[in-house]
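Trainee: Could you take me through one part of this model up close? I'd like to hear about the charged side chains and who they pair up with.

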Amino acid sequence: MLDTRRLGVLVQVARHGSFSAAAETLGYTQPAVSRQIATLEAEVGTQLVRRVPQGAVLTDAGRLLVDRAESILVNLASAEDELRQLSGLDGGRLRLASFASGAASIMPLAIARFRERHPAVELNVVMADPYESLPRLRTGELDFALSHESLEEADDLRTGIELVHLFDDPMYVVMPAGHRLAGAPSLDLGSFADEPWMLATTDTCPDSRLFMRACHAAGFEPQIAFQNDDYSAIIGFVAAGVGVALIPDMVTRNIRDDVVVRVLDPPPPARPISAALPADYCSPAAQAMLEILRDVAGDWVQDRVVLAAA
């Protein structure tokens, strides 16, 4: 394979018409330029440069190689510049996914901060639960995903994926305003054993698996009245009196006023919120988004403490 540095020396000899001028341009000595050209001629097996009284001229093979080399060197310089842009976040793209409640809460905060810091990076965002986003992350269709999959579960989903824990998202019970238990001094999950429940779709959303395990640990099999992966729809049915639901803290920040949200004692398992990345490679843009999400997550948890104290 031809050495690009020697090709560059040949191009400079062709441009300046002499070994000495090429050496001055490159910061080499004239003997060093002569050695580079001699080595290149040995590699291609033919003479490339003729020494003449006026300096140096190219042979037919030399002209052919210079024509090709100039294009190669331009493309290589362009690639090197683009690589520097990627490493410096002055270009490139970030393809990321978020589950629905994350997309309605912390992800817009992270995206706004990312765009402010790295405006040259192209962002492509899709909404997807982990059962969809993690396989796409593994195959290279995505670079980054916000996940609420349990860190201990779904080994088949997690193969080839690194999950970086950001924070735990508590689950609260929500009931219609005026519910018989709305003003009770203390509530546990068993208090609602006879109530109809709204929950996420069991085969796609990790939240529903957390809920079912919590109910079984409390000693009852829940009566499921409605299933949907849209928490806004679930809360709407709760407000209409169809039943009660467990909802994450992410969803309670802008809760409607015709429902009541209560803390349970003991609390049900919290959702683990994580950043998911390919285990074998993390692009500079993905690393930057991870750092931003860590900051946003810290602010989010702090705000939760302030809200709880209010």
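Mentor: Let's start with glutamate 43, which is partly exposed at 36% relative accessibility. Bear in mind that this is a predicted model. Glutamate 43 makes a salt bridge to arginine 6, and the closest N and O atoms are 2.7 Å apart. That contact ties distant parts of the chain together: glutamate 43 belongs to helix α3 (residues 30-44) and arginine 6 to helix α1 (residues 4-16), with their positions 37 residues apart. The two have company, too, since a network of salt bridges links Asp3, Arg5, Arg6 and Glu43.

Stay on helix α1 for another one. Arginine 15 and glutamate 70 meet through their side chains in a salt bridge, 3.8 Å from N to O. Here again distant parts of the chain are joined, with arginine 15 in helix α1 and glutamate 70 in helix α4 (residues 60-87), 55 residues apart. What about their surroundings? Arginine 15 has a relative accessible area of 55%, so it counts as exposed, while glutamate 70 comes in at 30% and is therefore partly exposed.

Now for a pair within one helix. Glutamate 132 and arginine 136 form a salt bridge at 3.6 Å, N to O. Both sit in helix α7 (residues 130-138), and because they are four residues apart there, about one helical turn separates them. Glutamate 132 is partly exposed at 33% relative accessibility, and arginine 136 is partly exposed as well, at 23%. These are just some examples: searching the whole structure turns up 17 salt bridges.

Arginines also turn up over aromatic rings. Arginine 51 has its charged end over the ring of phenylalanine 19, 4.1 Å from the ring centre. Arginine 253 does likewise with tryptophan 300, its charged end lying 3.8 Å from the centre of that ring.

And since we've got to rings, have a look at how they pair with each other. The whole structure has three aromatic pairs. One of them is phenylalanine 192 with tryptophan 197, in an edge-to-face arrangement: the centres are 6.1 Å apart and the planes make an angle of 70 degrees. Phenylalanine 192 has 0% relative accessibility, so it counts as buried, and tryptophan 197 is buried at 0% too. Add Phe211 and you have a cluster, as ring pairs link Phe192, Trp197 and Phe211.

Definitions and conventions. Residues are numbered from 1 along each chain as its sequence is written. This is a predicted model: local features need pLDDT of at least 70, side-chain atom pairs count only at pLDDT 80 or more; totals for chains, interfaces and linings use all residues. Side-chain values use heavy atoms; hydrogens and water are left out. Rings of Phe, Tyr and Trp (its six-membered ring) pair if their centres lie within 6.5 Å; planes under 30 degrees apart count as stacked, over 60 as edge-to-face and the rest as tilted. Buried means under 20% relative accessible area, exposed over 50%, partly exposed in between (1.4 Å probe, protein chains only). A charge sits over a ring if NZ of Lys or CZ of Arg is within 6 Å of the ring centre and within 35 degrees of the ring normal. A salt bridge is a side-chain nitrogen of Lys or Arg within 4 Å of a carboxyl oxygen of Asp or Glu. Helices (H or I, at least four residues) and strands (E, at least two) are DSSP runs, numbered from the N terminus.
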